[in-house]
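Dear colleague,

Please find below the structure that I am handing over to you. My notes on it follow, beginning with a single residue and moving outwards.

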Amino acid sequence: MAQPDLTSHHVNYLIWRYLQEAGHGDAAVSLQRAWFPDPQTLPFAPYIKTHALVSLVQKGLQYHEMESSLDKEGNHKSLSPSDFFFGPEPFEIGTKTGSAESRDEAVGTDPVSPGQLARDRPVNGHAESGKDTRKDETDSDESMEDKARTESQPNTPDHMDEDGDVSMAEEIPELPPTLQNGESSSIQIAPAKPIDLTPDTALLNLDHHVTHVVWRPRDPTVVVGAGDLFCSLWKLSMSSEPVQKKILELKRGDTSVSTVAWDAIGDKLAVATCTDDRGTITMYNVNGDAVDLLPEVPRLITGLHWAAGSSQLIVVASNHNVSELALWDDSRRPDVFPQPQIIENHIYDLAWCGRNLAFASGEGAVYQCEVDNSIRLVKTFPSPKDNATWEFIRCVQTESHSVAIVASGLSASIWIPTHDILIPNAHKDRITGIDISSQYDSRRIEFASFSADGKVKVWHVNLDTKDYTSIHQLSLDSNPAVTGSFSPDGYALGAASKDGLFIWNTKQTGGNLMSTWTATSPEVKKEEADRMTNGHNGHHEQNGYSKSDPHRALSWDADGKRLAYGFDKQMAIINLQR
């Protein structure tokens with residue numbers, strides 16, 4: 001059987017493994033997110049040995065040395081420094097030329113023992129046997145250059161394997177990949193400076209305030225923005241300006257856009273409008289053309305929630321203290337909605353939990369519903385805190401648990417009613433949103449809470465023991481967190497302030513602030529810091545919010561490589577790939 005062709009997957013995998021082995025956890029995560037979500041599942045991954053890239057480079061340098069030592073007739077000739085693969089000049093960290101400047105000065109010295117390196121010098125890119133294997137990034141990069149330069153010289157190391165390569169198996173034990181099972185272990189001494197994403201941002205100027213932004217599922221080239229008086233679709237391109245398709249453009253009056261949502265596969269966009277406390281839902285295709293009109297709903301539509309694995313849509317509609325949950329099956333398209341589930345409460349938020357469960361949150365209670373051909377209330381969880389209003393809800397279905405997490409704004413409390421877990425006073429100021437990471441297992445979940453106290457907390461919850469821990473407390477530099485969410489792969493966490501974005505890698509100890517973005521619009525700068533809301537599911541005139549509060553909307557694309565951020569009369573398309 002012929003040797004398979006070398007592909008970019010082979011090269012990327014070798015680089016990805018090297019970055020982990022060299023201690024560059026952040027760079028490995030960035031490559032993984034930009035290239036392939038789970039490199040360990042590639043068919044050739046189990047056959048790649050530790051330090052494979054270094055081994056290949058060594059063999060390549062040996063081959064280059066042998067090739068350079070022969071003339072055209074195949075006779076041996078003397079090597080000159082100009083024949084070396086990396087050139088004749090020695091490479092010194094921190095120097096402009098190959099001068100005799102001290103390597104200690106380039107890397108840093110131990111303050112107690114001047115002239116001695118702060119850490120034992122790695123040999124051939126790895127620690128000597130019996131020495132401390134910890135190193136910083138500068139040591140790792142420098143040692144690799146030392147290795148390459150040594151291998152390009154005529155003198156060869158003492159320890160060679162059967163292939164003529166430097167033996168590394170006896171020097172250090174084999175280390176498992178640091179990103180195995182979704183973990184990213186970093187040994188950097190200090191985190192890198194956050195990247196400013198402003199240069200890689202496209203600003204779309206609009207005529208009205210933006211209240212919703214949502215990417216088309218599975219398609220990072222189509223994004224929708226909406227406000228009270230408009231709904232537009234943009235098709236994005238790397239080589240040309242975004243192309244806008246205006247779906248709705250209303251005049252100030254009795255009709256307004258209340259919410260929008262794509263179906264799970266991105267075939268249809270549902271747009272809800274309201275007139276005189278009555279709701280209408282129109283379906284549009286990916287080109288922005290109307291394709292269907294659903295039956296009218298006799299209440300104000302505050303939420304549209306598509307199922308992840310079917311064509312079912314739950315419509316949340318409320319009038320004052322009475323709400324209804326109506327189920328629409330787009331594959332059947334009945335003439336009228338089936339009998340809705342009436343709830344004597346104001347429903348603020350709803351989330352699917354698997355294929356057949358949905359949870360809704362309201363004032364003083366959380367409601368569990370079963371969904372098949374209709375939607376039925378099967379259980380009510382009374383609030384453990386009197387008069388608590390649960391505005392936010394997120395759900396996840398693990399192998400063993402159906403989990404619903406809710407948060408109360410003013411009381412700053414978090415409650416998991418499905419497991420009787422209460423986190424009182426989770427923040428020092430009102431909670432503005434929550435989100436669950438896609439990185440979970442059958443017993444443990446991870447979620448984030450966002451607050452006006454300028455903090456984002458990341459929590460671990462053990463569903464079996466009912467223990468919870470705040471593993472990260474991330475700061476927005478004293479700016480209130482308006483909203484936020486995890487990237488689809490769960491490796492990054494984004495939070496929006498009034499006029500900026502903060503993005504962390506929460507898989508590192510302490511949470512590494514990877515990048516930031518700041519709005520430059522003078523209109524945004526003039527807004528008062530306390531006039532904020534995330535605008536989710538019609539949070540108006542509740543818990544201190546009012547209809548005049550400006551909205552902030554945030555959405556990740558399907559690949560987790562771009563963010564859409566709606567603020568004031570603009571929408572920013574922020575590229576995380578530099």
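H212 is found in strand β3 (residues 212–215); helices (H or I, at least four residues) and strands (E, at least two) are DSSP runs, numbered from the N terminus. H212 counts as buried, with a relative accessible area of 16%, where buried means under 20% relative accessible area, exposed over 50%, and partly exposed in between (1.4 Å probe, protein chains only). The C-alpha atoms of H212 and L554 are separated by 7.8 Å, although these positions lie 342 residues apart in terms of chain numbering.

Before the remaining findings, a word on the source. This is a predicted model, in which local features need pLDDT of at least 70 and side-chain atom pairs count only at pLDDT 80 or more, whereas totals for chains, interfaces and linings use all residues. Residues are numbered from 1 along each chain as its sequence is written, and side-chain values use heavy atoms, with hydrogens and water left out.

Confidence

The average pLDDT of the protein chain is 80, and 76% of the residues score at least 70; pLDDT is the predictor's confidence in each residue, from 0 to 100. Over residues 95–189 the pLDDT is below 50, and this stretch has 152 contacts in the model beyond near neighbours in sequence. Contact means heavy atoms within 4.5 Å. Over residues 525–549 the pLDDT is likewise below 50, with 66 contacts in the model beyond near neighbours in sequence. Where pLDDT is low, the predicted coordinates should not be read in detail.

The chain as a whole

The protein chain has six helices and 33 strands. Of its 578 residues, 51% count as buried. Among contacts with a separation of 6 or more, 48% are between residues 24 or more positions apart. The chain exposes about 27700 Å², of which carbon and sulfur atoms supply 48%; accessible areas come from the Shrake-Rupley method with a 1.4 Å probe, and for residues only the protein chains shown count as cover.

Sheets and hairpins

One open sheet of four strands has the order β2-β33-β32-β31, with antiparallel pairing; two strands pair if DSSP finds at least two bridges between them. At its edges stand β2 (201–205) and β31 (552–556), each with a single partner strand, so one side of each is left without a neighbour in the sheet. Neighbouring strands of this sheet are turned by 15° against each other on average, direction ignored; the axes are lines fitted to C-alpha atoms, for helices over the stretch in contact, and angles run from 0 to 180 degrees between N-to-C directions.

Within this sheet, β32 (residues 562–567) and β33 (residues 570–575) pair in the antiparallel sense over six bridges, and A564 stands opposite I573 in β33. These two strands form a hairpin with two residues between them, and D568 in the turn has a positive phi of about 50°. On the other pairing, five bridges join β2 to β33, with I574 in β33 as the bridge partner of T201. Five of the six residues of β33 are buried, so this strand is largely enclosed by the rest of the structure.

Another open sheet of four strands has the order β7-β8-β9-β10, again with antiparallel pairing. Here β7 (255–262) and β10 (290–293) are the edge strands, each with a single partner, so one side of each lacks a neighbour in the sheet. The twist averages 25° from one strand to the next. Seven bridges join β7 to β8 (residues 269–275), and C274 in β8 is the bridge partner of S256.

Elsewhere, strands β17 (residues 365–371) and β18 (residues 375–382) run antiparallel and are joined by seven bridges. E370 stands opposite R376 in β18, and a hairpin of three residues connects β17 to β18.

Nonpolar cores

Which residues have the most contacts inside the largest nonpolar core? They are V403, I405, I414, I445, F447 and V461, in a core of 19 residues. A nonpolar core is a set of buried Ala, Val, Leu, Ile, Met, Phe, Trp, Tyr and Cys residues joined through side-chain atoms within 4.5 Å. The elements giving two or more residues to this core include β19 (390–397), β20 (402–408) and β24 (444–451). Apart from it lies another core, of 17 residues, among them A272, M283, L304 and L313.

With kind regards
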